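Here is a friendly walk through one protein model, meant to be read with the structure open beside you. Take a look at the chain, then follow the headings below.

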Amino acid sequence: MILLAPEQHTDYELIDTGGFEKLERFGPYILSRPEPQAIWDKSLSEAEWEKRSNAVFKRDKNSQEKGQWIAKDGMPDKWVFQYRTNALHLRSKLALSSFKHVGVFPEQATNWDYIAKTLKQIPETKPSVLNLFAYTGIASLAAKASGADVTHVDSVKQVISWSRENMELSGLDNIRWVVEDALKFVQREVRRGNQYNGIILDPPAYGRGPDGEKWLLEESLNEILKLCALLLKKENFFFIINLYSLGFSALIVENLIKAHFGTQIHHEFGELFIPDSFGKNLPLGVFSRFSDQNV
């Protein structure tokens with residue numbers, strides 16, 4: 001089991017964590033928002049957090065997820081985030097949403113790099129990649145920018161529109177957009193006999209499909225992984241799964257991967273984290289990934 005943190009990049013910084021909150025910089029703006037895993041004390045004072053923050057997310061009293069942003073003068077509702085490496089230059093619209101999210105999960109940068117490196121080694125003209133529960137689509141952009149034919153699946157139409165904006169901001173085109181329940185889509189793809197070189201999953205703990213389909217991680221994860229094993233090609237392949245669900249162990253993911261993809265594959269599994277500027281490591285989910293390429 002390993003711990004993975006993204007390399008530092010200019011448009012993101014985790015400044016401080018603690019008191020069930022995190023203080024982050026996205027481009028020129030600093031945000032304060034809830035973080036249930038940051039159970040320790042803050043390194044900076046409350047006054048310093050208040051001074052530095054351009055916007056603070058306040059939860060509604062009767063909700064664990066929804067709330068509102070309290071923004072200072074000069075803080076825009078929307079702005080652009082850039083992720084630039086030697087292999088990738090991706091641009092994404094960020095926004096202050098009512099669910100505390102802003103449109104990007106910076107800990108996933110280590111997987112964006114993995115996608116780019118793997119696809120560059122696959123000896124096919126246009127490798128096919130399926131991104132499930134794809135949200136605003138930075139992983140889809142990483143795959144598209146690396147030469148893949150990308151199918152992007154999410155159940156929320158507004159999120160698909162956001163993803164399309166990100167594609168255009170990044171100077172890319174021709175991603176296939178699918179507004180559908182991920183499990184239903186995978187079931188149909190298996191019946192059709194389709195297969196993909198790469199599959200990416202980032203399922204939520206719970207959610208709803210466009211027709212009210214209910215998703216509960218612990219009830220449906222085993223089934224969708226079983227189906228993904230049928231969709232993944234037997235050579236020139238990669239697979240990534242991320243889970244952000246409190247109490248969900250990386251060992252559970254390891255057992256599921258071995259059960260459905262075999263014990264002979266060499267896969268990495270463990271936790272994603274980001275260190276704050278004071279050296280406190282914030283856990284941000286468990287993952288597993290593997291490929292038959294030399295990454």
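## Salt bridges

Lys42 and Glu46 form a salt bridge, with their closest N and O atoms 3.1 Å apart. The two partners sit in contrasting surroundings: Lys42 counts as buried because its relative accessibility is 16%, which falls under the 20% cut-off. Glu46 counts as exposed because its relative accessibility is 54%, over the 50% cut-off. Please keep in mind that this is a predicted model.

Another salt bridge joins the side chains of Lys93 and Glu165, at 3.2 Å from N to O. This pair ties together distant parts of the chain, since Lys93 belongs to strand 8 (residues 89-95) and Glu165 to helix 4 (residues 157-169), 72 residues apart. Lys93 is buried, at 12% relative accessibility, while Glu165 is partly exposed, at 35%. Elsewhere, Asp16, Asp276 and Lys280 are joined into one network by salt bridges that share partners. If you would like one more pair to click on, try Arg33 and Glu24: their closest N and O atoms are 2.6 Å apart, and both residues are buried. Over the whole structure, the search finds 14 salt bridges.

## The eight-stranded sheet

In what order do the eight strands of the open sheet run? Going across, the order is 1-16-17-15-12-9-10-11, and the pairing is mixed. Strand 1 (2-4) and strand 11 (176-179) are the edge strands, each pairing on one side only. On average, neighbouring strands of this sheet are turned by 20° against each other, direction ignored.

For a closer look at one pairing, go to strand 12 (residues 198-201) and strand 15 (residues 238-243), which pair in the parallel sense over four bridges. Gly198 has Phe238 of strand 15 as its bridge partner. As background, strands of a sheet pair through backbone hydrogen bonds, either parallel or antiparallel.

## Helices against the sheet

Helix 4 lies across strand 10 (149-154) and strand 11, and its direction makes about 165° with strand 11. Helix 5 (residues 182-192) also packs on the sheet, where it touches strand 9, strand 10 and strand 11. The direction of helix 5 is at about 150° to that of strand 9.

## Helix 3, a mostly covered helix

How many of the eight residues of helix 3 (residues 138-145) are buried? Seven are, so the helix is mostly covered. The buried residues are Ile138, Ala139, Ser140, Leu141, Ala142, Ala143 and Lys144. They pack against strand 8, helix 2, strand 9, strand 10, helix 4 and strand 12. After helix 3 comes Gly147, which has a positive phi near 95°.

## Two buried residues and their contacts

Ser128 is found in strand 9 (residues 128-132). Is this residue buried or exposed? Ser128 is buried because its relative accessible area is 15%, under the 20% cut-off. Leaving aside residues up to four places away in sequence, Ser128 touches Asp149, Gln195, Tyr196, Asn197, Gly198 and Lys233. One of these contacts, Gly198, is the residue that has Phe238 as its bridge partner.

Thr136 is in the loop between strand 9 and helix 3, and is buried with a relative accessible area of 1%. Again not counting residues up to four places away in sequence, Thr136 touches Gly103, His152, Val159, Trp162, Ser163 and Asn166.

## Positive phi angles outside glycine

Most residues other than glycine have a negative phi. With that in mind, have a look at Phe20, which has a positive phi of about 65° although it is not a glycine. Phe20 is in the loop between strand 2 (12-18) and strand 3 (21-26). This residue is partly exposed because its relative accessible area, 47%, lies between the 20% and 50% cut-offs.

Lys100 has a positive phi of about 70°, and is not a glycine either. You will find Lys100 in the loop between strand 8 and helix 2 (109-121). Where Phe20 is partly exposed, Lys100 is buried, at 12% relative accessibility.

Key. Residues numbered from 1 in each chain as written. Predicted model: local features only at pLDDT ≥ 70, side-chain atom pairs only at ≥ 80, totals over all residues. Heavy atoms only, no water. Helix = DSSP H or I, 4+ residues; strand = E, 2+ residues; numbered from the N terminus. Buried < 20%, exposed > 50% of the residue type's maximum accessible area, 1.4 Å probe, protein only. Contact = heavy atoms within 4.5 Å. Salt bridge = Lys/Arg side-chain N within 4 Å of Asp/Glu carboxyl O. Pairing = 2+ DSSP bridges. Axes fitted to C-alpha atoms, helices over the stretch in contact; angles between N-to-C directions.
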